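Good morning, colleagues. I would ask you to look at the structure on the screen while I go through a few of its side-chain contacts and surfaces.

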Amino acid sequence: MNRVLYIINPTSNGGAGIKVWEHFRRELSAAISPRDVHFTRHSHHARELASAAVGYDLIVAVGGDGTVGEVISGIMAGNPENPRPALAVLPAGTGNDIARHVGAYPLQKAIAVLHAGQPRTFDLIRIDCQGDEGRLCRHAFLYATAGFSALLRFKPWMKRYLGPAIGTYLSMILALLEFRPPKMTVSWDGGSHSGPLWMAIAANAEHVGGASVRVAPGAKTNDGELDMLLIPAKSKPAMLGTVLPKIPTGRHIGIAGVAFFRSTAMEVDAERPMLVEIDGDIYGATPATFTVCPLALRVLSA
């Protein structure tokens, strides 16, 4: 790799981003030009920096899944006439699921991968959905959902002090208590569904939530397909007592009424706009389309 651009989120995980960057600089013997180092200053800045990068062979994202996801979307949004750079990750978040999936976790392993790792190609999910000012497009590495989302109830202290699994579960309980499942219309390659749903999920990876939630058993990030789940609307006692406890282990796919299938694309609409969540961030609202981008991204991996 000849030219390398570093994009650092200094506030990731309560300041872990800057600590990871300083640790990496201490271990690196070669000098880095200041023009190749950028610190993010606001939301979506990482995406802007990555999309504007020209002439770089590699972009190193220093931060959590949110920062890495922005860099991925920026790489994909770059000028198609220019060669698309590869990605490397120095994890500095709480979950670090993308880093885990590419073999760049924990930090010392990520540094070793950056020095000696080889590029591997991975599928991505393209998300087209509704934003405040029109249609939006972004790419995700892990998953995308429409419908129920616990993120509005999720607080950083939950994951930090309770752990990813318990923190996620607690936020889901709090959000579920006030959620009203809408009627949703879903279509995919050769199939369709119409009726009340808790959520529709397009998964590119098997584990999320700090690798503690097995959202889509058997999902692979390089098979050219997405693993889709439709989780039906059940009573709140059933959701709390039956569905939610089974999601971390992947046993939710065996619950009556849950549809679990593979497809290359899925369109989702609802009787009222529903939140679209991608890789742990709220991004937009329905109507939304989730489409696989086969082997679209090169990532330095173990």
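Tyr6, Trp21 and Phe24 come together as one aromatic cluster. Please bear in mind throughout that we are looking at a predicted model. A pair of aromatic rings is described by the distance of the centres and the angle of the planes, and I shall use those two values here. A search of the whole structure finds 7 aromatic pairs. In one of them, tyrosine 6 and tryptophan 21 have ring centres 5.2 Å apart and planes at 55°, which is a tilted arrangement. This pair connects distant parts of the chain, since tyrosine 6 belongs to strand β1, residues 4-8, and tryptophan 21 to helix α1, residues 16-27, with their positions 15 residues apart.

Are these rings buried or exposed? Tyrosine 6 has a relative accessible area of 8% and is therefore buried, given that the term applies under 20%. Tryptophan 21, at 5% relative accessibility, is buried as well.

The second contact of tyrosine 6 that I wish to show is with phenylalanine 24: the centres of the two rings are 5.9 Å apart and the planes meet at 45°, so this pair is tilted. Again distant parts of the chain are linked, with tyrosine 6 in strand β1 and phenylalanine 24 in helix α1, 18 residues apart. Phenylalanine 24 counts as buried, its relative accessibility being 1%.

Let me turn to charged side chains. Side chains of opposite charge can pair when their charged atoms come close. The count for this model comes to 6 salt bridges. One of them joins the side chains of aspartate 36 and arginine 3, at 3.4 Å from N to O. Where in the chain do aspartate 36 and arginine 3 lie? Aspartate 36 is in the loop between α1 and β2, and arginine 3 is in the segment before β1, so the salt bridge ties together parts that are 33 residues apart in sequence. The acid in this pair, aspartate 36, is buried at 12% relative accessibility, whereas arginine 3 is partly exposed at 30%.

Arginine 3 has a further contact to note. Its charged end sits over the ring of tyrosine 56, at 4.1 Å from the ring centre. An arrangement of this kind is found at arginine 100, whose charged end sits over the ring of tyrosine 105, 4.2 Å from its centre.

Two further salt bridges deserve mention. Aspartate 128 and arginine 126 meet through their side chains, with an N to O distance of 2.8 Å. Here aspartate 128 is buried, at 17% relative accessibility, and arginine 126 is partly exposed, at 35%. In the other, glutamate 206 pairs with arginine 214, and the closest N and O atoms are 2.6 Å apart. Glutamate 206 counts as buried at 18% relative accessibility, while arginine 214 counts as partly exposed at 30%.

I now move to the helices, beginning with α8, residues 236-246. Which of its residues are buried? They are Met239, Val243 and Leu244. Viewed down the axis of α8, these buried residues fall within an arc of 90°, so they line one face of the helix. The face turned away from that buried side carries the exposed residues Pro237 and Gly241.

Helix α6, by contrast, brings us to the surface. Trp157, Tyr161, Leu162 and Ile166 form a nonpolar patch there, with about 470 Å² of accessible area together. Which element supplies the largest share of this nonpolar patch? It is helix α6, residues 156-162, from which 3 residues of the patch come. Tryptophan 157 is placed in that helix, and its relative accessible area of 44% makes it partly exposed, because that term covers values from 20% to 50%.

Finally, I draw your attention to strand β14, residues 265-270, which holds glutamate 267. Glutamate 267 is partly exposed, with a relative accessibility of 46%. From C-alpha to C-alpha, glutamate 267 and proline 287 are 7.6 Å apart in space, and they are separated by 20 residues in sequence.

To return to the starting point, the aromatic cluster consists of Tyr6, Trp21 and Phe24, and the residues in it are buried at 8%, 5% and 1% relative accessibility, respectively. Thank you for your attention.

Technical notes
Residues are numbered from 1 along each chain as its sequence is written. This is a predicted model: local features need pLDDT of at least 70, side-chain atom pairs count only at pLDDT 80 or more; totals for chains, interfaces and linings use all residues. Side-chain values use heavy atoms; hydrogens and water are left out. Patches are made of residues with over 30% relative accessible area and no salt bridge: like charges are joined within 9 Å, nonpolar side chains (Val, Leu, Ile, Met, Phe, Trp, Tyr) within 5 Å. Accessible areas come from the Shrake-Rupley method with a 1.4 Å probe; for residues, only the protein chains shown count as cover. A salt bridge is a side-chain nitrogen of Lys or Arg within 4 Å of a carboxyl oxygen of Asp or Glu. Helices (H or I, at least four residues) and strands (E, at least two) are DSSP runs, numbered from the N terminus. Buried means under 20% relative accessible area, exposed over 50%, partly exposed in between (1.4 Å probe, protein chains only). The arc is that of the directions from the helix axis to the C-beta atoms. Rings of Phe, Tyr and Trp (its six-membered ring) pair if their centres lie within 6.5 Å; planes under 30 degrees apart count as stacked, over 60 as edge-to-face and the rest as tilted. A charge sits over a ring if NZ of Lys or CZ of Arg is within 6 Å of the ring centre and within 35 degrees of the ring normal.
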